[in-house]
Amino acid sequence: MKNTELKRIPDHVAIIMDGNGRWAEEQGKERIFGHQNGVQAVRNAIEGAGEAGVKYLTLYAFSTENWNRPKEEIDALMSLLVRAIQNELDNLMANNVRLQAIGNLATLPQRCRSELKDAIETTKNNTGLTVVLALSYSGRWEIVNAVKEIVNNYRKEQEITETVFASFLNTKEMPDPDILIRTGRERRISNFLLWQIAYAELFFPELLWPDFKKEDLFEIIAEYQTRQRRFGKTGTQVESEI
Ligand code: IPE
Ligand code: IPE
Ligand code: MG
């Protein structure tokens, strides 16, 4: 770890892990081969985030819209998820990593749900990096869900503030992402953390997810440290606050 020493470390990094299918297709292989190799990139991201001192790493692993993919690909992804959780659990424990999940988890196959639940339970007292898997997740789903709960809990419109609203989101215990990364050579959000990324710094590295290394994360953090986050103020105002 050289690049990010002692400078502003992001509390929360969120990643849209895109490009597995194309990574495999470019080698004349089946898409699932790309997903399999994406697991190593997940390890790299977790290791890098841990070393850099990031507190939360949210990984978009499966969107609500991904249910529209061919059944074989969905089945393969779900089995891969089960295996990855089983294989990585010791590693997560050894590295003091706490696992959490967001999304419409009730729609996941029973097997995935129970592995996930066990891993979340086993790692719940770890105090290092928190890794949040977004599974069967979509930002609009999360927002509509929050609205439904708010309607059931609040009668007066004046009581509903941004803070109250955010407390009904899946991410209620986390800070908003400081950094949003999307690999896969696309520049879109694809329904990820729509509310939470209001002021995230966006990064679109020109690589496909299986090629993601921890050095890529360090480079992004280093660039993040050079960016001025103004939150609507002027540059002069922000400088005088430092
Ligand atoms: C990201 O890679 C993984 C998931 C969405 C599950 P893709 O499978 O979307 O790969 P591309 O974008 O088709 O290359
Ligand atoms: C976004 O990737 C979802 C995940 C990485 C889980 P997609 O491949 O599903 O996004 P689109 O369809 O290209 O927007
Ligand atoms: Mg994709």
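This report describes two ligands and the pocket that holds them in a predicted model.

**The pocket**

The largest pocket encloses about 1,100 Å³ of space, and 44 residues line it, with Met17, Val42, Tyr60, Ala61 and Trp209 closest to its centre. At least two residues of this lining come from each of α1, α2, β2 (56-63), α3 and β4 (130-137). Sorted by class, the lining of the largest pocket consists of 23 nonpolar, eleven polar and ten charged residues. The largest pocket is the space taken by ligand 1, and it is likewise the space taken by ligand 2.

**Ligand 1**

Ligand 1 is surrounded by 13 residues, of which Asp18, Gly21, Arg22, Arg31 and Arg69 are the closest. The polar contacts with ligand 1 listed below include backbone atoms of asparagine 20 and glycine 21, as well as the side chain of arginine 31. On its own, ligand 1 has 380 Å² of accessible area, and the protein covers 88% of this area. The elements that contribute two or more residues to the shell around ligand 1 are α1 (20-25), α2 (31-52) and α3 (71-94), and α1 gives the largest share, with three residues. In terms of class, this shell around ligand 1 holds three nonpolar, five polar and five charged residues.

**Ligand 2**

The shell around ligand 2 is formed by Ile16, Met17, Asp18, Tyr60, Ala61, Phe62, Ser63, Asn66, Arg69, Arg182, Arg188 and Ser190. The largest share of this shell, four residues, is supplied by β2, and by class the shell around ligand 2 is made up of five nonpolar, three polar and four charged residues. Side-chain N or O atoms of asparagine 66 and arginine 182 face an oxygen atom of ligand 2 at the distances given below, and a polar side-chain atom of arginine 188 also lies at a listed distance from an oxygen atom of this ligand. The protein covers 77% of the 390 Å² of accessible area that ligand 2 has on its own.

**Polar contacts of the two ligands**

| Residue | Part of the residue | Partner | Distance |
|---|---|---|---|
| Asparagine 20 | backbone N or O atom | oxygen atom of ligand 1 | 3.2 Å |
| Glycine 21 | backbone N or O atom | oxygen atom of ligand 1 | 2.9 Å |
| Arginine 31 | side-chain N or O atom | oxygen atom of ligand 1 | 2.9 Å |
| Asparagine 66 | side-chain N or O atom | oxygen atom of ligand 2 | 2.9 Å |
| Arginine 182 | side-chain N or O atom | oxygen atom of ligand 2 | 3.3 Å |
| Arginine 188 | polar side-chain atom | oxygen atom of ligand 2 | 2.8 Å |

Definitions and conventions
Residues numbered from 1 in each chain as written. Chains lettered and ligands numbered in written order. Predicted model: local features only at pLDDT ≥ 70, side-chain atom pairs only at ≥ 80, totals over all residues. Heavy atoms only, no water. Near = heavy atom within 4 Å. Polar contact = N/O pair within 3.5 Å; in protein donor to acceptor, adjacent residues only side chain to side chain. Areas by Shrake-Rupley, 256 points an atom, 1.4 Å probe, with all protein chains shown as cover. 1 Å grid on protein atoms, 1.4 Å probe; cavity = no way out; pocket = protein on both sides within 12 Å on 5 of 7 lines; lining within 4 Å. Sits in = over half its atoms within 2 Å of the grid points. Nonpolar A, V, L, I, M, F, W, Y, C, P; charged D, E, K, R; others polar. Points joined across faces, edges and corners; volume = space filled by probe spheres on them.
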